[in-house]
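Subject: Structure handover

Hello,

Here is the structure I promised you. Please open it and keep it beside this email while you read.

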Amino acid sequence: MLELSILGFLYERPLHGYELKERIQGLSGHVRPVSDGALYPAITRLVKNGLVDSRTEPGASAAPRRTLSLTSEGRRELLARLRTPKDAEITDGQRFFTLLAFLGHLPDRADQAAVLRRRQEFLNTPASFFYEDGTPVRAEREPDLFRQGMLRIARATGTEEKAWLAETLAVLES
């Protein structure tokens, strides 16, 4: 997801490494903080693979700064990743939010809708954090107050997401 975030933010405009890190931090928040030890090797890989261009410019005070921009190949790669996300990018909530942050970069509404349909199908599959005899446990049947809370919060969030998906798909497919 880190590479997708890098490509997605650089699709919008060239950024300095620190600006890029701040944007990624804002997107992932406290859930998955971004360390320099993860970010800069990822940038190096993307540069090496021809997806990102890095050039050094004079800094505002004294130290030179690296400006990162997306290459044509990087744009194609981003759009391909958005068009055909991995299953984990559909099923994992945080990964899906990262995907969603950049889905608007896909120029074709049908491609956008196809990704949202995959998420919708996933959400419509009965699931739970807890199972009893192979059946998902519902909040009303869970005796533990804290597990009940988990289930109620997940249901409320899922209900709202399903409503948003239906509304958005109606707009995209009209």
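Which residue forms a salt bridge with R45, and how far apart are the closest N and O atoms? The partner is E3, and the closest N and O atoms are 3.2 Å apart. Keep in mind that this is a predicted model.

**The R45 pair and its network**

Start with where the two partners sit. R45 lies in helix α3 and E3 in helix α1, so the salt bridge ties together parts that are 42 residues apart in sequence. R45 counts as partly exposed, because its relative accessibility is 43% and the partly exposed class runs from 20% to 50%. The general idea is simple: side chains of opposite charge can pair when their charged atoms come close.

The pair also has company. E3, R45, E77 and R81 are linked in a network of salt bridges. Look next at the R81 and E77 part of that network. Their closest N and O atoms are 2.8 Å apart. R81 and E77 are 4 residues apart in helix α4, so about one helical turn separates them. Both are partly exposed: R81 has 26% relative accessibility, and E77 has 24%.

Helix α4, residues 72-83, holds another salt bridge, between R76 and E73. Here the closest N and O atoms are 2.9 Å apart. R76 and E73 are 3 residues apart, which again puts about one helical turn between them. E73 is partly exposed, with a relative accessible area of 36%. The count for the model comes to 12 salt bridges.

**How α1 meets α3**

Two packed helices are described by the angle between their axes and the distance between the axes. Take α1 (residues 2-12) and α3 (residues 36-48). Their axes come within 10 Å and cross at roughly 65°. That makes α1 roughly perpendicular to α3, because the perpendicular class starts at 65 degrees. The crossing is right-handed.

Which residues make the contact? From α1 they are L2, E3, I6 and L7. From α3 they are A38, L39, A42, I43, R45 and L46. By class, this contact has 8 nonpolar residues, no polar ones and 2 charged ones. You have met E3 and R45 already: they are the salt-bridge pair from the start.

**How α7 meets α8**

Now move to α7 (residues 109-123) and α8 (residues 145-172). They pack at an angle of about 155°, with their axes 10 Å apart. Are they roughly parallel or roughly antiparallel? They are roughly antiparallel, because angles over 145 degrees fall in that class. This crossing is left-handed.

The α7 side of the contact is R109, Q112, A113, L116, R117, R119, Q120 and L123. The α8 side is E161, K162, W164, L165, A166, T168, L169, V171 and L172. These residues divide into 9 nonpolar, 3 polar and 5 charged.

**Two residues of α8**

E161 is in helix α8. Is E161 buried or exposed? It is buried, because its relative accessible area is 13% and buried means under 20%. Leaving aside neighbours within four places in sequence, E161 is in contact with F96, R119 and L123. Two of these, R119 and L123, are on the α7 side of the helix contact above.

Q148 is also in helix α8. At 21% relative accessibility, Q148 counts as partly exposed. With the same neighbours left aside, Q148 is in contact with A139 and E142. Q148 and R138 are 10 residues apart in sequence, and their C-alpha atoms are 8.1 Å apart in space.

**Two residues in loops**

Where is G104? It is in the loop between α6 (93-102) and α7. G104 is exposed, with a relative accessible area of 62%. Its C-alpha atom is separated from that of L82 by 9.3 Å, and the two residues are 22 residues apart along the chain.

D133 is in the loop between β4 (131-132) and β5 (135-136). D133 is not a glycine, although it has a positive phi of about 55°. D133 is exposed, with a relative accessible area of 77%.

Begin with the R45 and E3 pair when you look, then follow the network to E77 and R81.

Best wishes

Methods
Residues numbered from 1 in each chain as written. Predicted model: local features only at pLDDT ≥ 70, side-chain atom pairs only at ≥ 80, totals over all residues. Heavy atoms only, no water. Axes fitted to C-alpha atoms, helices over the stretch in contact; angles between N-to-C directions. Parallel < 35°, antiparallel > 145°, perpendicular 65-115°, else oblique. Left-handed = near helix turned anticlockwise from the far one by under 90°. Contact = heavy atoms within 4.5 Å. Nonpolar A, V, L, I, M, F, W, Y, C, P; charged D, E, K, R; others polar. Salt bridge = Lys/Arg side-chain N within 4 Å of Asp/Glu carboxyl O. Buried < 20%, exposed > 50% of the residue type's maximum accessible area, 1.4 Å probe, protein only.
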